[in-house]
Amino acid sequence: MSAGDAPYGLIELAAIAIEGDQIAWVGPASAVPGDFGDWPRDDLGGRLVTPGLIDCHTHLVFGGNRAREFEMRLNGASYEEVARAGGGIVSTVSDTRTASLETLIAQALPRLDALTAEGVTTVEVKSGYGLDRETELNMLRAARALQRVRPVTIKTSFLGAHATPPEYKSREDAYIDEVCIPTLRAAGDEGLVDAVDGFCENIAFDTDQIDRVFRVAAELGLPVKLHAEQLSHLGGTQLATRYNALSADHLEYATEADARAMAASGTVAVILPGAFYTLREVQQPPIEAFRAHHVPMALASDCNPGSSPLTSLLLTMNMGCTLFRMTPEEALAGVTCNAAQALGLPDRGRIAPGLRADLAVWDVETPAELSYRIGFNPLHARILAGRP
C-alpha cells in the first residue's frame, strides 16, 4: 500500500510530505530530503498510516428498510422466494419512489457518516431502486449531493438494470429498451454517472439484456461493472470481461475459467462478504483461483437495505478474512489499492508520490489489527486531499 518492500508495504518510522492535495514524498523519517526540512511537521506518535479506505460497492441511497424480510428469511424463506413474492429489491423501489430528493439525502447521510468514521475517504454509490426515469436520476442526484455536504469523494454507478419494476413484470426486454437505456442516456447528459452496472442473475437480467445496456455505456464512453455469479452461474463474468469491466462483483459461483478471463481483462474481483453472511450462503467465491491467476481482489460493504445492511468497512475486512480466509494483507489491499482499481481511480489507494493525499491514521500496533478486531474502531484521524 506504500513504497516499502516489507509486508503491507510498511515503512517503520516513516515520514510523509504532503503538498496541496498530493503526496510529495514518502520514506524513512531519517531520510527526509532537505527540500522538506523547514516544512511544518505533525508528529503522529508512531501511529499506523494507511491510504484512506475505499468502499467500492454500495447502494447507499435508498428509501425505507427491509427488516421484515430479514425476519422472513430467518423463518425459512430464501432470497429468491422473497423476491418472487414481491419483496426484495422491488419492495425498496416503492419506498424510494415516494421519497423526495431531500429525504434520500437525509436518509443516506447517517450511513455515509458511519463509513467515513472508520477512515473511508471514497465511496461508490449506485442507483437501482427507482427503476423509473425520475427516481433513478434522483438517486444519482442525491449521491452527487452527498459529496457537497460531507468531506468525501463519491463515485456514482448507474444500476437501472437492477430488477424489473412491477409495471413491467415479465416484460424485461421492454423495460431495458423503454426505461433503462433512455434513463442511462439522460443520466449521461446530466453528468450524473461515472460507471454503468447491472445485475446479471436468474431473478434479474440475462446476459443478452445486460449486453444491450453495456453497448450503450460503451457508446457514451462510460466504464462498466457487473453483479455477476452471485446466486447462479449465468455467464455474467465472461460478459463483463469482454467489455474490460472495471470489476465483477459477488462471484460466489464464478469458475476458474472466469478467473482466467478476469486476469486477461484486468477486471477486479469485488468480494462482498456482507451479502454472503446476511443471506447465509454456503457457496464461497473462488478465492484460490483469483490468487492463482493474480486477479486483484477488492472488498466492499455492499451496503443495501436487503442483502447487506452493513455500514462498516472494518467489519467487512474481518468477514473477508474469517469467512473466505483472505489474509489481513489481502483485506487491506482490498479496501485500498484494489478498491481504487475497481473504481478506475489510479490517483489513490496507495501512499506514493504524486498520488492524492487521502490517508487514515490508526491507533494500532500492526496492520493486521484492522482485520482482527470485531466491532472496534481504532481510527485516530482521517485526511482527505491533504486536509484533516
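These questions and replies look at salt bridges in a predicted model.

Me: What makes the contact between arginine 97 and aspartate 132 a salt bridge?
Reply: Their closest N and O atoms are 3.2 Å apart, and because a salt bridge needs a side-chain nitrogen of Lys or Arg within 4 Å of a carboxyl oxygen of Asp or Glu, the pair qualifies. Arginine 97 lies in helix α3 and aspartate 132 in the loop between β5 and α5, so the pair ties together parts that are 35 residues apart in sequence.

Me: Why is arginine 97 called partly exposed?
Reply: Its relative accessibility is 28%, and because buried means under 20% and exposed means over 50%, arginine 97 falls in between. Aspartate 132, at 22%, counts as partly exposed by the same cut-offs.

Me: How do you know that arginine 212 and aspartate 177 meet in a salt bridge?
Reply: The N to O distance between their side chains is 3.2 Å, which lies within the 4 Å cut-off. Arginine 212 belongs to helix α7 and aspartate 177 to helix α6, so this pair, too, ties together parts that are 35 residues apart in sequence.

Me: Which residues are joined into one network by salt bridges that share partners?
Reply: Arg97, Asp132 and Glu167 are joined in this way, while a search of the whole structure finds 20 salt bridges.

Me: Why is aspartate 177 called partly exposed?
Reply: Aspartate 177 has a relative accessibility of 40%, and because this value is neither under 20% nor over 50%, the residue is partly exposed.

Key:
Residues are numbered from 1 along each chain as its sequence is written. This is a predicted model: local features need pLDDT of at least 70, side-chain atom pairs count only at pLDDT 80 or more; totals for chains, interfaces and linings use all residues. Side-chain values use heavy atoms; hydrogens and water are left out. Helices (H or I, at least four residues) and strands (E, at least two) are DSSP runs, numbered from the N terminus. Buried means under 20% relative accessible area, exposed over 50%, partly exposed in between (1.4 Å probe, protein chains only).
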